[in-house]
Amino acid sequence: MNRYPFAYEQGKPFLQQVGEWVADVFYDILPEAGFEVRDEQIFMAYQLERAFAEKATIFAEAGVGTGKTLVYLLYAVCYARYVGKPAVIACADESLIEQLVKPEGDLAKIARHLHMAIDARLGKSPDRYLCLVKLDNARLNGEDAEVYQSLHEELPDFVYKSEAMQAFYAYGDRKQYAHLNDEQWSRIGWDAFQDCFVCDRRHRCGQTLSRDRYRQSADLIVCSHDFYMEHVWTYEGRKREGQLPLLPEHSSVVFDEGHLLESAAQKALTYRLKHSVFEELIARLLQGEIRESLAFRIEEAIDRSALLFDVLAKQTRPVPGSDRKEVILNDRLLQEVRLFQGVVDEIEEELVFESELYTLNEYHLRIVEEHLEMMQKALNLFRGADRVICWAQDGADGLTLVIMPRAVKEVLKERVFGLKLPIVFSSATLSVDGSFGYVAESLGIEKYLSFSVNSPYEYEGRMDVVLPEATNGAGFSEKLEAAVRSLSRSGGRALVLFADKSDLRRFKEAVPSVEALSELRFLFEGDREISDLIGAFQQDETSILCAVSLWEGLDVPGPSLSNVIVWSLPFPPQDPVFAAKRQAATDPYAEVDLPYMLLRLKQGMGRLIRTREDRGEIVLLGEELHRDESLRLRVEALLPDGVRLGAE
């Protein structure tokens, strides 16, 4: 089998040959197979050729229907084979990953019509996998124990056997447990506080088995933004611990829906501290033959940690519309941090002597030392509050303190954009008012290529954008009435987008009491695994999908999605992360809130028209549009040519 899908000529620039082949694909091969030639696709191909040749970062903004995914896949696969390292395709979320790898997705089209065998493997985030330890706890304790017992009984036989495995077997993926709601899954799904390094089941774990498999990919590794950022953040630590990084060395990176990368970076590039995790980890040392002085310090540290988190709980306050709690620093809290760090310092000194006695398990000792070092770094940052963004989150087993360095952009600059790799940001929405500055600045990207092409679709006469009247300020009841009227017009077939979970929850609670909605079937994000919900929405034409996370990535052509209802304009939350960004801005509304909202709203409205034949209605229920004319004009400027914002 040929390495490349074209006859490679030695001595001729490789990427020039790729470009010539891509031109043949779009001008000859695909049209002969019945595909439409798109000028926007050809233009994008030539722009990407330059980015790969210069190993540059490029913002590739291409509207719906340009076929941008097909273009970057062709270059990524060819370049991967040339360099001998796989390309990484990082998607914003799991629904985008599914669309890429589904039986009729872009990868399947390339393989079928270009007669290419592409080795593409999924590298899913750890939190998409079942944790065997948590499953055991769930089936033996608490509610839904019978549900979890049945899942335990359905596990593959080899999980609890010692025989060597003869072949790869995929199991434990969140998709296999689609019937569980998000709360049920959280009790058995992996989370960041699982100590996989010392787990005696790690070599039979679905997550570990999957990781071993995707590392061997020759062409593509498809993962999420979250997973790629987790790779970046844990790269040095895993090497120190003698482990392989989450991703192997790769030839290029594509960030699909790249405007969302910042939120993934914020999620991954953080320190997370929890009392229960510290107590469990440090208490392991008590199981060995250790000196009395060390045992005393460990007991003292556990008490200090518990007291620190008790004080922390009193110094937090909820943030409306967010699950992140604001941390209010005071002298008492900082004093408890210093006292706790002092005890940890003493333990670290004691461990130096203890290690020379060889009474402790060397591997366990190294894990404890790594964790203590991480805690000290995090708490040092926490004490210099001007250098960090911090918040707290409630959980079933206590409070978590999350500490994020403000210098996230510096980390990305060094470990992502400084690697001299071709990096492609692909999305229909990367610019604001024609400038890519908002996304570039948020990620710390100083040098980049860019281009923008519009959708080839005709929107006039196919897309109606409606702003219902609001005589009483567009409160909840008026929004609900407007949504009912819109759903009646479309007979369901709608996507209802919410800016936060609290709005979705309130709407969900109200639906059963509205008689006009009684005959319609509603699907709510969180009730089942998201790709399973999307599949049900596609199959049941008149159903209604209600979601917080599907402003991007959802691709449902045809009448099943004929109506998009925007419950409220997607301004960023008032949580600590965006509060810090606002504080650093000269004009917080113009520099932070408005660009974020406009990008997200444009993406949400883009869910409606996915083919030339699609048509339907978009209903905007944002109350701000009724009182702020300048904002209404900015929203109208997002609409495609020939489409106007009209009354109901």
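**Loops, helix packing and salt bridges in the predicted model**

Arg493 has a relative accessibility of 22% and therefore counts as partly exposed. The model described here is predicted. Arg493 sits in the loop that joins helix H18 (476-490) to strand S14 (494-497). Its backbone stands out in one respect: phi of Arg493 is near 55°, a positive value in a residue other than glycine.

Glu257 has a backbone of this kind too. Phi of Glu257 is near 55°, again positive in a residue other than glycine. Glu257 belongs to the loop between strand S5 (253-256) and H11. The relative accessibility of Glu257 is 8%, so this residue is buried. The cut-off for burial is under 20%.

A third loop residue, Val64, lies between strand S1 (57-62) and helix H3 (68-83). Val64 has a relative accessibility of 12% and is therefore buried. What does Val64 contact, leaving aside neighbours within four places in sequence? Its partners are Ala428, Ser455, Pro456, Tyr457, Tyr459, Gly606, Ile609 and Arg610. The fold also places Val64 and Gln603 with their C-alpha atoms 9.9 Å apart. Along the chain, 539 residues separate Val64 from Gln603.

Helix packing was examined next. Two packed helices are described by the angle between their axes and by the distance between the axes. For H10 and H16, the angle is about 85° and the axes are 11 Å apart. H10 is therefore roughly perpendicular to H16. H10 contributes Met229, Val232 and Trp233 to the contact. H16 contributes Val411, Leu412 and Arg415. Five residues of this contact are nonpolar, none is polar and one is charged.

Helix H22 (residues 588-605) and helix H24 (residues 629-636) form another pair. Their axes come within 11 Å and cross at roughly 45°. H22 and H24 are therefore oblique to each other. The crossing of H22 with H24 is right-handed. On the H22 side, the contact residues are Tyr589, Leu594, Met597, Leu598 and Leu601. On the H24 side, they are Leu631, Arg634 and Val635. The H22 contact with H24 holds seven nonpolar residues, no polar residue and one charged residue. Residues of an α-helix that are three or four places apart point the same way, because the helix has 3.6 residues a turn.

Helix H9 (residues 206-214) has several buried residues. These are Gly206, Gln207, Leu209, Ser210, Arg211 and Tyr214. Which elements do the buried residues of H9 pack against? They meet two strands, S3 (120-123) and S4 (220-224), and helix H10 (225-240). H10 is thus a partner of H9 and also packs with H16.

Salt bridges were then counted. The model has 38 of them. One joins Lys581 to Glu262, with 2.7 Å between the closest N and O atoms. Lys581 is part of helix H21 (residues 576-584) and Glu262 is part of helix H11 (residues 261-268), so the pair ties together parts 319 residues apart in sequence. Are the two partners buried or exposed? Lys581 has a relative accessible area of 18% and is therefore buried. Glu262 is buried as well, because its relative accessibility is 16%.

A second salt bridge links the side chains of Glu350 and Arg291, at 2.8 Å from N to O. Glu350 is in helix H14 (residues 331-357) and Arg291 is in the loop between helix H12 (275-283) and helix H13 (292-314), so this bridge ties together parts 59 residues apart in sequence. Glu350 is buried, because its relative accessibility is 14%. Arg291 has a relative accessible area of 28% and therefore counts as partly exposed.

Lys409 and Glu441 form a further salt bridge, with an N to O distance of 2.7 Å. Lys409 lies in helix H16 (residues 408-415) and Glu441 in helix H17 (residues 437-443). The two residues are 32 residues apart, and the pair links distant parts of the chain. Lys409 is partly exposed, because its relative accessibility is 28%. H16 thus carries Lys409 of this bridge and also provides Val411, Leu412 and Arg415 to the contact with H10.

Salt bridges also form a network. Glu143, Asp144, Glu183 and Arg187 are linked in this way.

Note on methods: Residues numbered from 1 in each chain as written. Predicted model: local features only at pLDDT ≥ 70, side-chain atom pairs only at ≥ 80, totals over all residues. Heavy atoms only, no water. Axes fitted to C-alpha atoms, helices over the stretch in contact; angles between N-to-C directions. Helix = DSSP H or I, 4+ residues; strand = E, 2+ residues; numbered from the N terminus. Parallel < 35°, antiparallel > 145°, perpendicular 65-115°, else oblique. Left-handed = near helix turned anticlockwise from the far one by under 90°. Contact = heavy atoms within 4.5 Å. Nonpolar A, V, L, I, M, F, W, Y, C, P; charged D, E, K, R; others polar. Buried < 20%, exposed > 50% of the residue type's maximum accessible area, 1.4 Å probe, protein only. Salt bridge = Lys/Arg side-chain N within 4 Å of Asp/Glu carboxyl O.
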